[in-house]
Amino acid sequence: MTERTAGRRLPAAWAEVLGELALTAAAVALALLAGAALLALAGYDVRDAYYNLWDGAFGSVYSVADTLVNAMPLLFAGLAVAFAFRGGLFNIGAEGQLYAGALATAVTAAALAEWPSVPLIAAAMLAGALAGGLWGLVPGALKAKTGAHEVITTIMLNYVAILLTTHLVKQYFKAPGPVDQTALIPAHARLPELIAGTRLTWAVVIGVVLVAAVDWLLRRTSFGFDVVLVGSNPGAAVYAGVPVAARTVWTMAVSGAVAGLAGSTMVLGVLYRFIANFSPGYGFTAVAVALVARARPWGVLPAAVLFGALQAGGLTMQLFARIPADLMTAVQGLVILFVAAPGLLYAWRRLPVAAPRAGTAMTMTAETAAEGAAETAAGPDNETARREAGP
Amino acid sequence: MTVSHNDAGRPLPPPAGAAPGPAPTPGGGGADAPPAPAIEMIGIYKRFGPVQASAGAHLRVYPGEIHCLLGENGAGKSTLMKILYGLYAMDAGEIRIRGRTAVIRSPGDAMRAGIGMVHQHFMLVDDFTVAENVIAGMEPRRRGLIDMAAARRLVAEYSRRFGLHVDPGARVEDLSVGQQQRVEILKALIRGAEFLILDEPTAVLTPQEADELFRVMRQLKAEGKTIIFITHKLKETMAVADRVTVLRAGRDAGSMPASQTTPQRLAELMVGRRVLLQVPAPPAQRGPALLQLENVTVKGAGKDLLRSVNLQVRGGEILGIAGVEGNGQLELEEVVAGWRTPDQGRVRIAGRDVAGMGPRRRRRPGCAHIPPGRPRRGPAPALSVEQNVVLGRHWGQPYARLGVLRRPAVRELADAVTSRFDVRGGRGPVGGLSGGNQQKLVVGRELYHNPWVILACQPTRGVDVGAIERIHRELLDMRARGAAVLLISADLDELLALSDRLAVIYEGEIVAEGETGQFTEEMLGLLMAGQRPSGGSGRNAAGRNGTGRDGAGRDGAGPTEATAGD
Amino acid sequence: MSEALEAIFHVNTLTSTLRLATPIALAAMAGTLSERVGVINLALEAKLLAGAFAGAYASYVTGSAWLGVGAAVLAGVLIGALLGLFTLRWRANHVVAGIGLNILALGLTTWLLQVIWGSRGTSPVVPDLPGWSIPGLQAVPLLGPLLSGHSPLVYVMLLAGPLLWVWLFKTPGGLRARMIGEHPEAADTVGIPVRRTQFLLLLAAGALAALGGAQLSLGHLSWFSQNMSAGRGYMALAANVFGRWNPLGSMLAALLFAFTDALQMRVQTLPSPPPTELVQMLPYLLTILVVAGAFRKARPPAALGRHYEPGRSGTE
């Protein structure tokens with residue numbers, strides 16, 4: 001999937017990032033174009049619709065704040081999915097993990113209400129991370145022990161999490177009233193506002209710090225090295241003695257914990273309580289966020305803002321242009337498809353073989369070149385990992 | 001002749017009669033062979049990205065001959081043949097079949113032109129039966145369904161006619177490599193192949209199986225088939241070829257009747273310089289046993305994958321494990337590396353029982369593990385050279401502290417390894433290095449820390465000649481330093497060149513063990529096929545629990561723990 | 001306790017099992033078809049949803065449920081074509097492309113639901129498929145009531161299992177398809193058109209899964225509701241794994257999943273039902289269990305999920 005750059009004009013990593021940026025921009029543009037076509041087909045005024053979309057996302061300080069608020073759960077959940085991606089795992093279960101985290105946070109915040117503000121918030125978030133981590137650990141362990149594909153198990157666990165949290169709220173934590181929700185958390189458990197008058201809270205700061213932390217973890221630590229190695233080259237990981245099964249479990253647990261924090265910040269910074277069925281599918285949008293970010297932690301930041309903008313703008317579009325905001329979900333799907341298809345946007349300069357660096361051409365044989373290409377294109381090869389991890 | 005670019009800088013002046021000039025003498029493929037070539041490839045060019053795999057190669061094959069296409073790994077033999085078989089599209093050049101220009105865009109076109117190919121990696125579905133594999137794409141039908149009975153009859157008929165014995169109802173997965181190869185040949189013949197391309201067919205065979213293959217090739221020739229035989233082995237070329245074309249760096253370096261050349265001359269044409277055929281090694285200075293396997297048994301589904309294996313490797317010696325692939329080598333590797341716990345028995349490293357020690361902990365005190373050169377398992381292509389060099393040691397001092405990597409230490413290590421082991425190709429993602437450099441990097445990573453127990457599995461497979469020499473030299477260096485080396489290889493030449501002692505593994509059992517000098521290639525072949533070198537009948541005549549060693553005789557260094565009685 | 005037992009073995013539970021199994025089974029068999037040629041088919045969910053929507057809409061517009069079924073098939077084929085384009089032609093990761101298509105289908109159907117009918121919940125009631133009975137069978141005890149009065153798609157599902165089995169394992173086309181999923185290079189070298197076969201089977205799989213979608217909106221119910229597939233596409237994929245990439249196995253596994261679903265519904269009609277959500281979890285939990293058990297011994301097609309460029313570079 002990677003086009004290696006042979007030139008020395010730019011550091012390879014930079015050139016790669018720039019190329020990917022261009023590709024992503026093209027994918028988003030193409031998806032919005034398709035959305036415009038749909039709008040036109042349905043008889044809407046495309047200009048009016050997209051004007052409102054833009055206005056709601058970036059038109060004023062308030063809409064920017066709104067975009068950022070919408071981006072927050074996507075930032076955490078997207079970071080979670082991206083981390084798992086780096087470990088070669090598809091965590092489609094961020095949705096379930098954030099439900100687990102949200103309920104744990106709400107319950108903890110209520111239980112420890114007499115604690116002072118900062119430790120209370122910390123404890124509530126820790127509880128959210130733990131609950132999310134446990135919910136992520138389950139599919140990780142299933143994968144490591146039985147080889148059950150995490151895509152299926154995480155999706156099933158999403159449904160289970162939504163039903164289970166609803167049940168728990170109904171049965172044990174329900175506030176009086178018709179809605180299945182917990183009581184409001186104490187005022188001092190709420191995340192303080194970052195800019196007065198907006199709904200923008202310290203969650204933003206926590207999110208950025210977390211991005212930096214995950215980036216550091218992946219780049220600079222032995223654990224992160226293991227994760228990336230298992231994700232990119234499970235065969236080599238086995239030969240190097242990396243305990244692949246254990247890493248699978250831990251990768252999913254860490255990913256789940258980060259997704260759990262998405263739920264925590266929703267409860268502590270936006271909802272101030274747990275509400276059954278509160279998520280409009282953050283966990284699924286998170287997959288799009290992680291893909292657009294190419295699974296790079298720092299990429300998650302702009303990607304989350306992009307999708308936050310689509311949501312904020314989509315709502316404005318719904319309010320003022322009377323166009324259902326769900327169109328933006330379809331656009332998300334298209335973005336995923338376009339970003340994921342290297343052949344589509346690279347069609348005009350696709351080569352059958354990844355180009356090696358200058359200087360190796362002399363010794364490199366056709367066979368090894370083709371093999372190199374195969375290995376780069378293969379991506380997560382969990383089948384091999386499982387086989388080689390042995391019993 | 002419409003050739004326009006054959007004069008562009010040939011590396012060696014081709015010998016007389018070998019130039020693609022007009023009317024060369026046809027090979028020894030029968031005196032009555034007409035002088036017109038059956039297949040002609042003229043000035044073939046093919047590029048993969050920056051790699052010029054074919055650079056104006058010429059080939060002329062005459063009807064009814066066995067034509068050897070000789071060349072090193074990467075000389076472009078397979079590429080040329082895949083072009084002929086329609087798997088690759090050439091960038092420039094011309095193909096003529098029976099004098100007519102042929103357009104071959106797909107294997108289907110090739111088959112219609114009468115060309116069949118047996119690939120190096122078999123094109124067989126493990127899960128299918130022989131008959132299913134053979135007839136797929138040309139199924140006999142009855143009322144819209146596959147007529148399996150007819151398919152089996154067809155396969156049986158062809159296998160009788162060409163002496164290619166194989167059970168049509170057997171599942172391919174259960175067949176030996178040699179049998180699978182027969183299935184591949186059958187596949188081509190049933191599709192009406194007149195020209196048969198065999199791509200490195202002997203690489204996976206025992207010497208006896210190779211002899212059997214040569215017999216089949218001669219029989220096919222007698223039936224009027226034309227065979228193109230790709231190899232890099234001189235001995236085989238001399239044994240079976242009527243005519244030889246040598247390829248070097250994507251071009252033909254010479255073409256001549258086999259009867260008019262010598263192995264030395266062919267070797268020079270292949271490499272473009274004089275070659276040193278073996279690395280000289282001083283006699284072994286043996287130390288204490290550093291790696292011991294005691295009664296190691298690994299159970300699989302229904303059968304033992306390893307059965308009571310006793311082995312020991314002493315410091316300063318290389319013990320080679322010979323065997324046809326799939327006879328327990330993988331399990332042996334896994335047990336020694338620490339990925340798999342044996343169901344019975346013990347592994348000792350420096351006398352210490354290492355049960356319960358994973359691969360990570362075994363590595364720490366001085367064990368190294370060199371994985372196969374192909375499939376390339378050692379390096380992580382997406383990661384940088386630095387990351388690859390520290391791989392496996394990235395958990396602790398001096399390359400990490402408290403779980404955090406120490407960049408300067410890693411960089412220093414990368415500098416040291418790349419310079420000492422001559423790894424070229426820059427510091428970027430390892431996938432961009434040539435196969436040989438990737439493998440040298442892995443060998444360097446493993447040997448840099450001066451291990452004293454080394455497990456090397458197919459260390460030079462699929463690697464170019466320069467890298468092979470280098471890797472062999474490094475292993476011998478380690479031996480000279482007193483390390484114990486367990487070398488698992490399917491390449492008999494490699495085993496004979498490096499090993500002090502050899503053990504033969506067959507169906508999970510060590511059926512013979514002894515000093516290398518006590519084995520001939522023929523004996524090894526028989527043992528690898530599960531037979532007694534004396535020509536005895538029963539393949540299990542060697543019996544169990546080490547009695548098989550008697551046949552080959554051995555020095556006094558047998559396991560002293562044999563009396564432990566477990 | 002006896003109430004629970006009665007619920008389990010009540011003939012209504014079994015008939016609703018058949019009805020509920022139809023979408024999952026059809027999608028599972030579609031999954032088998034595409035995975036047998038090496039394409040991971042996570043887009044089953046999208047096909048079910050698109051099929052359900054297109055079926056309901058066409059039935060609403062034309063007044064004919066049969067035309068609805070036709071529209072569903074078209075929608076499924078379209079999604080199959082998209083999956084083929086993205087995974088085969090443009091080399092997208094199969095799983096990611098599937099997820100993208102699922103999100104696209106969810107967003108689009110939810111949006112169109114509001115654009116067309118102005119509701120984010122359900123469509124109005126549309127003409128649905130008639131209940132069919134097999135003449136003579138009705139009189140047979142047990143089997144009669146079990147197999148009578150279903151939507152035609154139920155019978156299509158019951159027939160599709162054995163027919164697809166015969167096709168896949170007994171005909172030349174099936175052999176070639178399986179060869180592609182196991183070893184595309186091998187298929188290529190014997191002249192089987194790899195790409196075309198893969199594409200055709202993806203289209204067929206799209207049609208099949210969309211019939212399952214039509215069963216949701218035109219057979220089982222007679223309207224479309226938002227996210228009506230509710231994860232059945234993923235369950236279908238699990239059923240395909242559990243059924244070992246065999247159409248009959250897929251069908252039987254789907255029947256098992258549907259049985260828990262039917263049971264779950266039945267249990268809720270009891271006088272003192274257990275908590276709704278806990279009972280509703282059953283099919284999902286069962287899927288997890290089954291997948292965990294099945295993967296241990298599963299032997300998926302060897303080339304599943306791989307990108308293969310026929311005649312380009314030999315291997316990739």
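Here are a few notes on the A–C interface and on the confidence of chain B in this predicted model.

1. Start with how much of the two chains meets. On the chain A side, 51 residues are in contact with 46 residues of chain C. Together the two chains bury about 4500 Å², and 76% of that lies on carbon and sulfur atoms. If you want names to look at, try A:I152, A:M156 and A:L337: they supply 14% of the area chain A buries against chain C, more than any other three residues.

2. On the polar side, there are two salt bridges between chain A and chain C. One to pull up on screen joins the side chains of A:K170 and C:E277, at 2.7 Å from N to O. Six residue pairs also turn up in polar contact across this interface, both partners being at pLDDT 80 or more.

3. Which parts of chain A do the touching? Helices that each supply at least two residues include α1 (12–41), α5 (117–146), α6 (150–173) and α13 (327–340). α6(A) gives the most, with 13 residues. By type, the side of chain A that touches chain C splits into 35 nonpolar, 10 polar and six charged residues.

4. Now chain B. Its average pLDDT is 82, with 86% of the residues scoring at least 70. Strand β22 (residues 484–488) of chain B has the highest confidence, at 95, while helix α17 (residues 549–552) has the lowest, at a mean of 37.

5. Two stretches of chain B to flag: pLDDT is below 50 over residues 1–31, and it stays under 50 over residues 535–566. The model has 46 contacts beyond four places in sequence for residues 535–566.

Key. Residues numbered from 1 in each chain as written. Chains lettered and ligands numbered in written order. Heavy atoms only, no water. Contact = heavy atoms within 4.5 Å. Buried area = accessible area lost by both parts, 1.4 Å probe. Salt bridge = Lys/Arg side-chain N within 4 Å of Asp/Glu carboxyl O. Polar contact = N/O pair within 3.5 Å; in protein donor to acceptor, adjacent residues only side chain to side chain. Helix = DSSP H or I, 4+ residues; strand = E, 2+ residues; numbered from the N terminus. Nonpolar A, V, L, I, M, F, W, Y, C, P; charged D, E, K, R; others polar. pLDDT = per-residue confidence, 0-100.
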